[in-house]
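Work through the following exercises with the sequence and the structure at hand. Each task is followed by a solution in steps.

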Amino acid sequence: MAGLYIHIPFCRKACHYCNFHFSTTHHQLPAMLAAMEKELELQKTYLSGPLATIYLGGGTPSLIPIPMLESLFQKIKTAFQIEAGAEITLETNPDDINPAALLAWKAIGINRLSIGIQSFVDADLQWMNRAHHAQQALDSIRLAKQAGFDNLTIDLIYGTPTLSDEAWKQNVDIAIAAGITHLSCYALTVEPKTGLEKMIEKKQLAAVDPEKQARHFSLLMQWMEDAGFEHYEISNFALPGHRSKHNSSYWSGKHYLGIGPSAHSFNGQSRQWNIANNSLYIQGLEKNNLLFELETLTQEQQLNEYIMTSLRTMEGLSLNRVADLWGHDKRDQILFEANKFIARGDAFLEADFLILTKSGRLLADGIASDLFFLSNDN
Ligand code: SF4
């Protein structure tokens, strides 16, 4: 089972909190798609086995004109075998969703939409500099459902300076009532050199309050549980049968190929990432030259990645898997270190799995790094 990720590095507007790789000028779009098709050809042997998932993210893949998207999928189909029933996700923004686009996406084979809504509160959307407003967000879900996209996820951001507890509750209630099957939620983070950082520096926006963020996350866990959603990964909730197969494969160490500038790939032994510069990426591929950096992971780095990703999941960290892949001493060390988290109620053991409790999920990154091993290469 393998996954393909395609990074489309273009957006209509720069959202003030975002530090992903994207450009708001689109004149390079045709050359970019041509370069990606070339990269697909060059990288077609990176993965073994057919594709179980394809994920178009970014950036904003929903702004690609349909003929270009059709051509890209044609290239994917000639370069790779695709499993029957593969999950094929398109990240979209509400302002790109209309009946004609939905119909075309369906015809191409896309069977899952991820809509970047972020908030149903206009005051939030305005300071974020999103390209849509709250009514468009609601309409986009309705239109997607009408077009038959039942596998539907949206993103929401919590803990923003303008989002009260009541407004957060309303956001989550609206999402659930709209009939989504999956929800991804992220705490607002202030990334360096973003518009958000400058707005806070200039006191145009209040600073982010970590206590409010923790409260919003705790409330969210309870509301989603009450609504019947599984909290299957720290930032992700799904109705039974609607987990994201693509993202789950990242968390379970499956192999994936990333196409496009800044995209990452992983083949079990090494990780590589493409140059995060549109012009250099295109120029390189015009000469059949893919520009990327590569890192070979030590045993300890592979184990640390497993600790980090598995603790974020509902299933938790398998001590038997650690013993099998990294040795019994590593399993015993993890268990020894984890005892303090178990004692204070942040984690528990179930069969051979170490699982975080609700209070532990609030501290997941800190708990994971406490269990990390120093690399022998350090
Ligand atoms: S649309 Fe998405 S990728 Fe583009 S700037 Fe906004 S948050 Fe970032």
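**Exercise 1. Find how many cavities of 30 Å³ or more there are, and describe the lining of the largest cavity.**

Solution. The model is a predicted one. Step one is the count: one cavity of 30 Å³ or more is found. Step two is its size, and the volume of the largest cavity is about 70 Å³. Step three is the lining, made up of Cys-11, Arg-12, Lys-13, Cys-15, Thr-60, Asn-93, Asp-95, Asn-129, Arg-130 and Ala-131. Step four sorts these residues by class: four are charged, three are polar and three are nonpolar.

**Exercise 2. State how the chain is divided into domains, and how the domains are placed relative to each other.**

Solution. Begin with the bounds: domain 1 covers 2-250 and domain 2 covers 299-371. Next take the separation, which is 29 Å between the C-alpha centres of domain 1 and domain 2. Last, look at the contact, where 13 residues of domain 1 meet eight residues of domain 2.

**Exercise 3. Locate the second largest pocket with respect to the two domains.**

Solution. The volume of the second largest pocket is about 250 Å³. Its lining has 13 residues, and those nearest the centre are Ser-248, Trp-251, Ser-252, Thr-313 and Glu-315. Two or more lining residues come from each of helix H9 (245-251) and helix H11 (299-311). By class, the lining of this pocket holds six polar, four nonpolar and three charged residues. The location follows from the domains: because domain 1 (2-250) and domain 2 (299-371) both contribute to the lining, the second largest pocket lies between them.

**Exercise 4. Determine how helix H1 and helix H2 are oriented, and which residues meet.**

Solution. First identify the helices: H1 spans residues 29-42 and H2 spans residues 66-79. Their axes come within 9 Å and cross at roughly 5 degrees. Angles under 35 degrees count as roughly parallel. H1 and H2 are therefore roughly parallel to each other. Next, list the contact: on the H1 side are Leu-29, Pro-30, Leu-33, Met-36, Glu-37, Leu-40 and Glu-41. On the H2 side, the residues are Met-68, Ser-71, Leu-72, Lys-75, Ile-76 and Ala-79. By class, the contact of H1 with H2 has nine nonpolar residues, three charged and one polar.

**Exercise 5. Place the cis peptide bond between Gly-58 and Gly-59, and the positive phi of Lys-193, in the chain.**

Solution. Take the peptide bond first: Gly-58 and Gly-59 are joined in cis, with omega about 20 degrees. Gly-59 belongs to the loop between strand E2 (51-58) and H2. Then turn to Lys-193, a residue other than glycine whose phi is positive, near 65 degrees. Lys-193 is in the loop that runs between strand E6 (182-187) and helix H7 (195-201).

Notes. Residues are numbered from 1 along each chain as its sequence is written. This is a predicted model: local features need pLDDT of at least 70, side-chain atom pairs count only at pLDDT 80 or more; totals for chains, interfaces and linings use all residues. Side-chain values use heavy atoms; hydrogens and water are left out. On a 1 Å grid over the protein atoms alone, a cavity is a set of points where a 1.4 Å probe fits but cannot get out, and a pocket is an open set with protein on both sides within 12 Å along at least five of seven lines; lining residues have an atom within 4 Å of a point. Grid points are joined across faces, edges and corners, and a volume is the space filled by probe spheres set on the points. Helices (H or I, at least four residues) and strands (E, at least two) are DSSP runs, numbered from the N terminus. Ala, Val, Leu, Ile, Met, Phe, Trp, Tyr, Cys and Pro count as nonpolar, Asp, Glu, Lys and Arg as charged, and the others, Gly among them, as polar. Domain bounds come from an automatic or database domain assignment. Axes are lines fitted to C-alpha atoms, for helices over the stretch in contact, and angles run from 0 to 180 degrees between N-to-C directions. Angles under 35 degrees count as roughly parallel, over 145 as roughly antiparallel, 65 to 115 as roughly perpendicular and the rest as oblique. Contact means heavy atoms within 4.5 Å.
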